[in-house]
Amino acid sequence: MHRIQLFVIGIILLPLLIDGLPFFHRGRPRGGMVGSPKRRFESSYYREKSPSDEFWYTQQLDHFNPADTRIWQQRYFVNGEHWKENGPVFIQIGGEGSADPIWMTEGQWIKYAQTHGAICVMLEHRFYGKSHPTEDLSIENLRYLTSEQALADLATFREYFNSEYKISDQTKWISFGGSYPGSLSAWFRLKYPHLVHGAISASSPMTALTDFSEYLVVVRNSLATYDEKCNVAISGAIEVMQKLVQSSAGRVTLKTAFRLCDSIETQNDVDNFFETVSGNFQGVVQYNKDNRAFEGARATNITIDVLCKTMLDTSQPDILQRMVNVNDMLLTAYDQKCLDAGYMSMINQLRNTSWNASASEGGRQWTYQTCVEFGFFQSSDDSQQPFGNNFPVSFFIQQCADIFGPKFDDNLLERGINFTNAFYGAEGFSGSRVLFVNGAIDPWHALSFTKDPPNNNSAIFLS
C-alpha cells in the first residue's frame, strides 16, 4: 500500500470505530493504503503553511459514454508556493481514502518541487473522501468505480488545470503515487503518455491476480529479519488456537482471551477470526518503521521488532498469551474495547450503501474494486507462512458474493482480472519513463518491478 518513506503518497485514516470492520482488510488499513506523514508539533506553523483550501472540478460521470452527460464535483488541492516560470506540474494521485491536504506541504515530493520550481496538485480519487459521483454506493453506481474511469478523470483534469492556471501545454507533468495510486501513476503514463511526461510509482502492484498467497510469505520473510524464531512462535500460537477452536469450550476461551466482540459460531467466523489475527501482523509489517500515522501517535512504535519481541518474550511461557499480548497491544493502540472479528458483522457493514456509513470511508469501495478488477486476496494458501490455513482464497471470493450478490463469483473476478492485465500489460508493461520504487519488507513488492522493469524503465529496490 505503503511503505517507502522517500516516495510514498498517501491519505489520512479516519477515526476507527467498532463497527464490524477490521483494522486491516484486504491489504488496506482503515482509511487507505497509506497513512499521512506525521503532523508537525507546531500546529500553528502547519496551519500557516498548508494550502489546505479545497477546490472542485466539474467532472464527467462516465468518460466512455458520450451520451451520458451526468457530472459531479471532484475535490483537489493546489500548492503553488514553489512554482517558477517554466517549472513542471507535480500531480499526486489520490487513492482509496480521503485526500489529506497535509501532503500539500509535506513529503519528499515537496522537496522536489522546491528544487525544480514545480506547482503541486493533488486530485482525490472518485468515490473516496469527499468526491462523491453518485447519491450512494449501490452496486448500480459502483460500476463507475474503475481504474479506467479514474485515469480518465486525471486526463480531463489535466486539461482543465492547464487552462484554469494558465499553464503552457509544453509544461511537463510528473505523476506521483504509492500503492494503488502507484499503479495508477504508472498506468497514467502508459495510457496518456501525451499528457504526463514521467511517473513515480511506489509500492505498486502491477499484476492483478486472485490468489495473492505470496503476500503472507513476504510477511513471514520480513518477520524473519528480526529472528526466524518469531515465525516459529507465531506458528506455535496458531496451532494452539486451531485446537481450541474445534470445541465450544475452546471457542469461549478464545473469545475471552482475544476480547472478541462476538462469539465464534460458524466456520466463516472461524476463518474471519484467524484472518483478523493475521491482519494484526500484516498491517504492522506493511508499514514497518515508515509513515505510521494511520495508526495514530500511540501506535507509531509498533514495528516488526516490537511484535517479535512480544512473541519471543520468554518471561511469558504461554505461547498463546504472547499472541494475545500482541492483540491487546493493537486494541489499546486503536482504543478499541473488543476485537470485531465476526463474519456477518463485517459483511453487514460492507453491504451498507449510504455515504454516512462507516464502510463508506473506503472499505466498501475498495472491496468492490478487489472483487471486480484486481483480486489481490491475501490468502493462507501458501504453506510457507506461519498463520495456518484457515482463510483460503475461496473465503475471500465468498465475501464478494455475500456483500455484492451471487453473480460476484470467481468467474466474474477472473474475467475482470484478465481484462485488467490485458489492458495494462501486467508483467509486460510497455509504458516509459516510470520509476518503480519498492522495499523488501513491503509485501506488495511481490507484484511490482524490483529490478530491470520492462521497456527500459527504472527501479529502486530498498533491501
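**A sheet and a loop proline**

Colleague: In what order do the strands of the open sheet of eight strands follow one another?

Modeller: In this predicted model, the sheet is open and its strands show mixed pairing. Across its eight strands, the order is 4-5-8-6-9-10-13-14.

Colleague: Which are the edge strands?

Modeller: An edge strand here pairs on one side only, and neighbouring strands of the sheet are turned by 20 degrees against each other on average, with direction ignored. The two that pair in this one-sided way are strand 4 (55-60) and strand 14.

Colleague: How many bridges join strand 9 to strand 10?

Modeller: Strand 9 covers residues 173-178 and strand 10 covers residues 198-202, and the two run parallel. Within this pair, Gly-178 stands opposite Ala-202 in strand 10. The number of bridges that join them is five.

Colleague: Which helix packs on the sheet, touching strand 4?

Modeller: The helix in question also touches strand 5 (71-79), strand 6 (89-93), strand 8 (119-123) and strand 9. Its direction makes about 125 degrees with that of strand 4. It spans residues 147-164 and is helix 4.

Colleague: Is Pro-454 buried or exposed, or something in between?

Modeller: Pro-454 lies in the loop between strand 13 (434-439) and strand 14 (458-462), and beyond residues up to four places away in sequence it touches Glu-427, Gly-428, Phe-429 and Phe-449. Buried would require a relative accessible area under 20% and exposed one over 50%. Because its relative accessible area is 21%, Pro-454 is partly exposed.

Definitions and conventions:
Residues numbered from 1 in each chain as written. Predicted model: local features only at pLDDT ≥ 70, side-chain atom pairs only at ≥ 80, totals over all residues. Heavy atoms only, no water. Helix = DSSP H or I, 4+ residues; strand = E, 2+ residues; numbered from the N terminus. Buried < 20%, exposed > 50% of the residue type's maximum accessible area, 1.4 Å probe, protein only. Contact = heavy atoms within 4.5 Å. Pairing = 2+ DSSP bridges. Axes fitted to C-alpha atoms, helices over the stretch in contact; angles between N-to-C directions.
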